[in-house]
Amino acid sequence: MTSHDHAPSPRERTLAQLALAAIVIGSLWLRWPGLSQGGFASHDVGGILYNAMLLARGELPYVADIELKAPGSFYLAWVFAGDRGTDIAQLQVWANLWAIAGQLALASIAWRHVGPRAAVVAAALLALVDAHLDSMDANYVTWAQLPQILAMGWGLAAARCHGAARTLGFVIAGALGGFAAMVKQPSGVVLLALGLCALPRLWSSDWRACVRTQLAIAAGAIAVHVPLVLHYAAAGELSALLSSYPLNRWGLSYVTAGGREHAWPMPIEGALATIYFLALPLVPAAFAAAAAHRRGPAARSLAWPLVIWLLCTIAQAWVGARFYKGYFLAAAPPAALLAALPWGVFGPGLSRRARAALLLPVLLLGVRQVRIDRDTRFDRSRPHDAGARAIAKHLQGVVQPGDRIWVWGWHLWDLYALLDAVAPTRIYKSLGLIEPPNDDTWRLPATPLRFVDGEYPRMLVQELRADPPAVIVLGSTVPQRDFAALRELLREQYVRDGGVKMGKLELWRRRDRAGSG
């Protein structure tokens with residue numbers, strides 16, 4: 001059952017299919033730097049590959065390292081980043097194709113519930129904004145996007161079914177929502193959206209139906225985690241998984257450390273960031289949501305679940321008060337789908353005069369978005385990992401197969417994959433462990449890093465002494481001068497390598513490697 005007033009003609013179907021093909025081709029062109037550049041755009045992806053490398057070596061994230069991220073992206077990278085989990089070029093190709101699959105999934109949902117025109121509008125709006133929001137990069141938000149869209153799609157479809165088909169549909173929706181949470185914990189908010197939509201007067205006729213639906217969603221979300229639980233249980237490390245995911249004390253520290261002294265109040269920062277990143281789909285979405293109230297029960301039953309989905313994803317983007325652009329990626333699909341409703345700006349239900357008046361600001365926002373996409377495409381075409389690649393090239397012949405390395409600095413996480421070497425310590429990255437969590441926001445730069453003494457610096461030095469890495473690399477901005485125990489270790493067992501000139505960056509070789517390379 002769909003909400004459009006007439007069955008689409010063969011001509012309308014054909015034109016919509018051609019338009020969707022054009023959108024895919026346009027997305028491929030826009031994302032070509034992400035598909036072809038072959039490097040790290042965000043160094044967070046270095047952390048994803050590090051954990052994929054652990055899996056490829058038969059080790060487990062949370063056991064072999066201290067990690068605050070959800071494990072789903074690690075397993076995806078294990079599949080998509082080559083046999084050893086180090087192929088960043090291959091991973092980037094799959095990530096950008098994954099993003100385009102999300103556009104097609106949203107188009108399929110719009111086509112099923114509204115019609116061909118809506119499918120084209122929703123896919124086009126999402127394609128215009130998602131390349132900027134995900135930076136055409138294999139980061140956590142990119143991998144979480146497709147299962148979130150599919151989860152709500154299955155939920156919308158299941159709500160129109162009865163009996164066993166309805167229950168099965170919500171189980172599948174819950175499984176997809178659970179997988180989204182497994183990829184990025186805040187993305188589990190889609191389960192909350194599904195649950196809220198299942199309340200009486202939306203997807204359920206009474207509280208009994210609501211309870212059955214909630215149980216089906218929960219069953220799916222639990223079931224999708226069974227392989228992960230079995231993987232850890234087979235290794236006797238179930239407690240490590242449970243203590244690190246879903247509730248991770250380092251992750252909670254990261255969330256609660258958000259916000260800046262010089263920032264505006266959180267509601268103002270959040271509202272401004274939301275409008276800044278989502279203006280194009282959000283303006284027509286707001287009009288369609290407001291208009292749905294006057295269109296009767298059928299319109300409200302379609303629009304309100306999308307409004308709930310949108311509000312839940314905006315709320316998760318506000319968690320931590322940093323408002324990074326990638327956090328708003330999850331809100332783009334419900335906004336685009338709302339904007340595509342038939343009584344909206346792009347639908348056939350408006351008079352020509354009203355449409356002309358409403359389309360003018362939307363077109364201006366479209367021009368703005370095209371300019372943003374142009375700048376994003378240019379930025380993505382430039383290598384963001386040139387420094388790490390230069391260091392990796394310099395260390396060829398120094399780092400041997402089986403060697404371990406340790407780096408300090410976000411921009412250096414790429415080195416683990418580039419050198420196919422892991423750390424001899426669980427502390428392979430420092431944020432929140434030997435220095436505070438990052439405090440930059442969507443518009444404010446980070447404050448200078450500072451060293452935080454305590455349990456984790458002591459653990460780090462102890463583990464480095466127990467198994468000294470072949471190479472230690474210290475980034476230009478890290479407060480290594482304040483880490484006295486580390487400086488003592490370097491003086492005792494390492495020799496400074498001056499072969500790489502990058503600001504204050506320091507490269508240290510273990511003494512038995514001082515003459516190699």
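## A ring pair with one side in

Phe277 is buried, with a relative accessible area of 7%. Keep in mind that what you're looking at is a predicted model. So where does that leave the neighbour, Tyr276: buried or partly exposed? Tyr276 comes out as partly exposed, at 43% relative accessible area.

Scan the whole structure for aromatic pairs and 19 turn up. Tyr276 and Phe277 make one of them, in an edge-to-face arrangement with 5.1 Å centre to centre and 80° between the planes. The edge-to-face label applies because the angle between planes has to be over 60 degrees for that class, and this pair sits at 80°.

## Other rings worth a look

There's also an aromatic cluster to pull up in the viewer: Phe80, Trp94, Trp98 and Trp143 belong to it together.

Rings also turn up with arginines over them. Arg322 puts its charged end over the ring of Tyr254, 3.8 Å from the ring centre. Over at Trp264, the residue lying across the face is Arg443, at 4.0 Å from the centre of the ring.

## Helix 9, inside and out

Helix 9 runs over residues 189-197. Its buried residues are Val189, Val190, Ala193, Leu194, Gly195 and Cys197. What covers them? The cover includes helix 7, helix 8 (163-183), helix 10 (207-223) and helix 15 (297-318). As background, an α-helix has 3.6 residues a turn, so residues three or four places apart point the same way.

Leu196 is also in helix 9, but at 32% relative accessibility it counts as partly exposed. Patch membership needs over 30% relative accessible area, so Leu196, at 32%, clears that bar. The nonpolar surface patch it joins is made up of Leu192, Leu196, Leu199 and Trp207, and together they have about 390 Å² of accessible area.

## Asp137, a buried acid in a loop

Asp137 is found in the loop that links helix 6 (116-133) to helix 7 (140-158). Is this loop residue buried or exposed? Asp137 is buried, at 2% relative accessibility.

Which residues does Asp137 touch, if we ignore its neighbours within four places in sequence? The contacts are Ala41, Ser42, Val45, Gln92, Ala95, Thr142 and Arg380. Arg380 is the long-range one to click on: Asp137 and Arg380 are 243 residues apart along the chain, with 8.7 Å between their C-alpha atoms.

## Thr376 in helix 17

Thr376 has its place in helix 17, which spans residues 352-381. At 10% relative accessibility, Thr376 is buried too. With the neighbours within four places in sequence set aside, Thr376 is in contact with Ala131, His132 and Met136.

## Glu506 and its arginines

Now for the charges. The whole-structure search for salt bridges gives 18. Glu506 takes part in one with Arg481, side chain to side chain, at 3.0 Å from N to O. Glu506 is in strand 4 (residues 506-510) and Arg481 is in the loop between strand 2 (471-474) and helix 21 (484-493), so this bridge ties together parts that are 25 residues apart in sequence. The partners sit in contrasting surroundings: Glu506 is buried at 3% relative accessibility, whereas Arg481 is exposed at 59%.

Glu506 also meets Arg487 in a salt bridge, with an N to O distance of 3.0 Å. Here Arg487 belongs to helix 21 and Glu506 to strand 4, so the pair ties together parts that are 19 residues apart in sequence. Arg487 is buried, with a relative accessible area of 12%.

## A four-residue charge network

Asp512 and Arg513 also bring their side chains together in a salt bridge, at 4.0 Å from N to O. The cut-off for a salt bridge is 4 Å, so it's worth keeping the listed 4.0 Å in mind for this pair. Asp512 is exposed, with 53% relative accessible area, while Arg513 is buried at 14%. Which residues end up in one network through shared salt-bridge partners? Asp403, Arg510, Asp512 and Arg513 are joined that way.

Terms used: Residues numbered from 1 in each chain as written. Predicted model: local features only at pLDDT ≥ 70, side-chain atom pairs only at ≥ 80, totals over all residues. Heavy atoms only, no water. Phe/Tyr/Trp six-rings, centres within 6.5 Å; stacked < 30°, edge-to-face > 60°. Buried < 20%, exposed > 50% of the residue type's maximum accessible area, 1.4 Å probe, protein only. Lys NZ or Arg CZ within 6 Å of the ring centre and 35° of its normal. Patch = residues over 30% accessible without salt bridge, like charges linked within 9 Å, V, L, I, M, F, W, Y side chains within 5 Å. Areas by Shrake-Rupley, 256 points an atom, 1.4 Å probe, with all protein chains shown as cover. Helix = DSSP H or I, 4+ residues; strand = E, 2+ residues; numbered from the N terminus. Contact = heavy atoms within 4.5 Å.
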